[in-house]
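Please open the model in your viewer and keep a selection panel at hand. The stops below go from one selection to the next, with a note at each on what is there.

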Amino acid sequence: MNQPLAYVHPGAKIAKNVVIEPFTTIHNNVVIGDGTWIGSNVTIMEGARIGKNCNIFPGAVISAVPQDLKFGGEESLAVIGDNTTIRECVTINRGTVASGQTVIGNNCLIMATAHIAHDCHIGNNAIVVNGVALAGHVTVGDFAIIGGLAAVHQFISIGDHAMVSGGSLVRKDVPPFTKAAKEPLSYVGINSVGLRRRGFSTEKIKEVQDIYRILYQKNYNTSQALAIIEAEMQATPERDEILDFIRNSSRGIMKGYTGV
């Protein structure tokens, strides 16, 4: 359903049942999957790869060139998975030579006016709330939620099932399963409500709580805490995910909240 007032470049590959509303522009080297709806006044630029059953609302700009002075015009992509919703005036830049692509997973909700910079990688089922700004090379895990107006520094990692409060300045990595708030950004507990909603058992939630008590509430440094967790806690996928995340953190993890 290509409206006559929309422009679609002949080189774009559009599935048969995609709806393109008036005044939208779709450039060359774009692929859009079955069942996707593209609202009015959307701009989809070269390198966009949009999955099935997505909804892209008016004013969004997908796959614009990176806002990076090192960008040299190289070919790169902005990849959006299936069943993802992109609300009004969201901007998603394509990748650079660093990774070649910006990626948003399946079943994500990117709310109005959010900005996702070059080479970001967002997992499945993530929610990025209104006005969030992700700098380049940010990684966001599955089921993570980033509250409105949060600003995330480049090269930050936010783990699976983590929740970042609105208005946060995220300068350090946020480990999986945690809640992050305060200024400077700090650990304020685990995302127990989110974990219960996603089917984690009471025993599994307690296990995650026990791990973070050792890390954040026992006055150990990070190396000591990791050694104790590995020695004393039974090996499980969740324990190992936490350990691997912290050990692979290049910027260091957020601090514990002292209440001071």
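A residue is called buried when its relative accessible area is under 20%, exposed when that area is over 50%, and partly exposed in between. The coordinates belong to a predicted model, and that applies to every stop on this tour.

**Stop 1: Asn125**

Select Asn125, which sits in the loop between strand 17 (121-122) and strand 18 (127-128). Is this residue buried, exposed or partly exposed? Its relative accessibility is 25%, so Asn125 counts as partly exposed. If you display the surroundings and set aside residues up to four places away in sequence, you will find Asn125 touching Asn106, Asn107, Cys108, Phe143 and Ala144. For a sense of scale, draw a distance from Asn125 to Gly95, which is 30 residues away in sequence, and the C-alpha atoms turn out to be 21 Å apart.

**Stop 2: Ala98**

Move next to Ala98, in the loop between strand 13 (91-93) and strand 14 (101-104). With a relative accessible area of 54%, Ala98 is exposed. Apart from its neighbours within four places in sequence, Ala98 is in contact with Asp119 and His137. A second distance can be drawn here, from Ala98 to Ser76, where 22 residues along the chain correspond to a C-alpha separation of 9.9 Å.

**Stop 3: backbone details in three loops**

Select Asn53 in the loop between strand 8 (48-50) and strand 9 (55-56). Although Asn53 is not a glycine, its phi is positive, at about 55 degrees, and the residue is partly exposed, with a relative accessible area of 41%. Then select Asn83, in the loop between strand 11 (77-80) and strand 12 (85-86). Here too a residue that is not a glycine has a positive phi, of about 60 degrees, and at 39% relative accessibility Asn83 counts as partly exposed.

The remaining loop lies between strand 26 (178-181) and strand 27, and it holds Pro184. Look at the bond that joins Glu183 and Pro184, which is a cis peptide bond with omega of about 0 degrees.

**Stop 4: the two annotated stretches**

Colour residues 6-102, which an unreviewed UniProt entry annotates as "domain: Mannose-1-phosphate guanyltransferase C-terminal". Over this stretch the chain is 0% helix and 35% strand, and its end C-alpha atoms are 26 Å apart. Give another colour to residues 173-254, for which UniProt, again in an unreviewed entry, lists "domain: UDP N-acetylglucosamine O-acyltransferase C-terminal". Over residues 173-254 the chain is 54% helix and 11% strand, with end C-alpha atoms 6 Å apart.

**Stop 5: the largest nonpolar core**

Which residues touch the most other members of the largest nonpolar core? Among its 70 residues, these are Ile44 and Leu134. The elements that give two or more residues to this core are strand 8, strand 11, strand 27 (186-190), helix 2 (202-217), helix 3 (222-232) and helix 4 (237-247). Helix 2 gives the most, with seven residues. Centre the view on Leu134 and, not counting residues up to four places away in sequence, show what it touches: His115, Ile116, Ala117, Cys120, Ile122, Val140, Ile146 and Val152.

**Stop 6: helices 2, 3 and 4**

Select helix 3 and mark its buried residues, which are Ala225, Leu226, Ile228 and Ile229. These residues cover an arc of only 165 degrees around the axis, which puts them on the same side of helix 3. The face turned away from that buried side carries the exposed residues Ser223 and Ala231, whereas the buried residues of helix 3 pack against helix 2 and helix 4.

In helix 4, mark Glu238, Arg239, Ile242, Leu243, Phe245 and Ile246, which are buried. Seen down the axis, the buried residues of helix 4 fall within an arc of 165 degrees, so they line one face of the helix. They pack against strand 23 (157-158), helix 2 and helix 3.

Finally, show helix 2 and helix 4 together: they pack at an angle of about 30 degrees, with their axes 10 Å apart, and their crossing is right-handed. To display the contact, select Lys204, Glu207, Val208, Ile211, Tyr212 and Leu215 of helix 2 with Glu238, Arg239, Ile242 and Ile246 of helix 4.

Terms used: Residues numbered from 1 in each chain as written. Predicted model: local features only at pLDDT ≥ 70, side-chain atom pairs only at ≥ 80, totals over all residues. Heavy atoms only, no water. Core = buried A, V, L, I, M, F, W, Y, C linked by side-chain atoms within 4.5 Å. Buried < 20%, exposed > 50% of the residue type's maximum accessible area, 1.4 Å probe, protein only. Helix = DSSP H or I, 4+ residues; strand = E, 2+ residues; numbered from the N terminus. Contact = heavy atoms within 4.5 Å. UniProt positions renumbered as here; feature names shortened; annotations may be inferred. Arc of directions from axis to C-beta. Axes fitted to C-alpha atoms, helices over the stretch in contact; angles between N-to-C directions. Left-handed = near helix turned anticlockwise from the far one by under 90°.
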